[in-house]
Amino acid sequence: LQSAGSRGEQARQLLIDLETRGKQAFPIFLSILRDTGQGDLADMLVKECEWLPAPTQLVDLRPVELELRGEKHNKRWLRQGLSVQVLLGTPARLPEVYELKADPCGRCLILNNVNFSRASNLSTRVGSNVDCEKLEKRFKALRFDVLTRQDLKAQEMISELQTLAEQDHSALDCCVVVILSHGCQTSHIQFPGGIYGTDGKPIPVETIVNYFNGSHCPSLRGKPKLFFIQACGGEQRDPGFVVDCDSPGDEAPGGSLESDATPFRAPVGNVDEPDAVASLPTPSDILVSYSTFPGFVSWREASRGSWYVETLDSVLEQYARSEDMLNLLLQVANTVSAKEGRYKQIPGCFNFLRKKFFFACK
């Protein structure tokens, strides 16, 4: 590589070599660099090699040996002595990554509803404070300015969300909203589900998300906006199905389970008209992570908090320095879905991010 010339030319040659290893080689290489404290080098590669050179002739590319973490990884990635001919006729786009350089990198609003009015017929969400405390600490460690609000009525929740969306985020790189509450099914066009205020009035998730889209929050345009929702998506309880592995036990660990489910309220009128769909703005740079599949119950334990938040916190602690957001959420989904017990649960997400997202850890 040293013979390639300038640092930029060396970076381009390295990228060409990595491209011969398959589509995942370069993202894996970037992840390893960040994991070993070489984030500046990873950023330089992304910046210097935004486009590959595009010669029209066939070139003979030979592998280079990369020494990372004290041991040679070339044996895992390539076959020794194999030359590969590739036609470089079309520029290859590098995987783009959201930049999180500000400190704090963004604001994080946590809405934690525990105690509900008697008229709402909604139970106290025992264990939610455990979730809240975990996520406060976690997002502070991830360089966010964290603000927590507890036991808000629906209109108070809306006011907090609107206040956050109307703030100037120009000097920041990201925004996070966490909602811990009872939930329900609602009629929707973009994002399913609704969240209850302590007065028992629901707020559609798509209403919450749209406060922050490009039309309503200009200072967050082009910046990642992440939503984490611990709430039921409905009343269905998933008993799971039999697979060829160790069978789950009859009871979930931790004893008594609670859910955040409430009955589905039928919509009034027809809200699925094509004109209404076509007139909505595109929710770019937004990711909404749900604790459970739409229509299903989300489980919570009094002493340990919810399955989803407990797992999310653990995954962030272990892998936030090395994995991008989608890989983190895949790990969360896999871990929660594998929990043993009478009922099952699987988180999921609606992803409209345009780039890879890596947290900026302290």
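## Helix H9

Let's start with helix H9, which covers residues 307–319 of this predicted model. With 13 residues at 1.5 Å a residue, H9 should span 18 Å. Its end C-alpha atoms are 18 Å apart, so the expected span and the model agree. The expected figure is 1.5 Å times one less than the number of residues.

Plenty of H9 is tucked away: Trp307, Tyr308, Val309, Glu310, Thr311, Leu312, Asp313, Val315 and Leu316 are buried.

## The largest nonpolar core

The largest nonpolar core has 36 residues, and the members touching the most others are Phe139, Phe144, Leu226, Phe228 and Phe359. Several elements each chip in at least two residues: strands E5 (106–112), E6 (144–150), E7 (174–180) and E11 (225–230), along with H5, H9 and helix H10 (325–337). H9 gives the largest share, with 6 residues.

There's also a second, separate core of 28 residues, and its members include Ile158, Ile229, Ala231 and Tyr290.

## Phe139 and Phe228

Phe139 sits in helix H5. Its relative accessible area is 0%, so Phe139 counts as buried, the cut-off being under 20%. Setting aside neighbours within four places in sequence, Phe139 is in contact with Cys108, Phe144, Val146, Val176, Val178, Phe228 and Phe359. That last partner comes from another part of the chain: Phe139 and Phe359 are 220 residues apart in sequence, yet their C-alpha atoms are 9.7 Å apart in space.

Now for Phe228. Again leaving out neighbours within four places, its contacts include Phe139, Val176, Val178 and Ser289. Phe228 also meets Tyr308 and Leu312, plus Met325 and Leu329.

## Ser128, also in H5

Helix H5 runs over residues 128–141, and Ser128 is part of it. Ser128 is buried too, with a relative accessible area of 0%. The side chain of Ser128 makes a polar contact with the side chain of Arg125, at 2.6 Å. Not counting residues up to four places away in sequence, Ser128 touches Asn112, Asn113, Val114, Leu180 and Arg300.

## A three-stranded sheet

Elsewhere you'll find an open sheet of 3 strands, in the order E8-E9-E10, with antiparallel pairing. Strands E8 (183–184) and E10 (202–204) stand at the edges; each has a single partner strand, so one side of each is left without a neighbour in the sheet.

How many bridges join E9 to E10? There are 3, linking strand E9 (residues 194–196) to its antiparallel partner E10. Gly194 stands opposite Pro204 in E10.

Technical notes: Residues numbered from 1 in each chain as written. Predicted model: local features only at pLDDT ≥ 70, side-chain atom pairs only at ≥ 80, totals over all residues. Heavy atoms only, no water. Helix = DSSP H or I, 4+ residues; strand = E, 2+ residues; numbered from the N terminus. Buried < 20%, exposed > 50% of the residue type's maximum accessible area, 1.4 Å probe, protein only. Polar contact = N/O pair within 3.5 Å; in protein donor to acceptor, adjacent residues only side chain to side chain. Contact = heavy atoms within 4.5 Å. Pairing = 2+ DSSP bridges. Core = buried A, V, L, I, M, F, W, Y, C linked by side-chain atoms within 4.5 Å.
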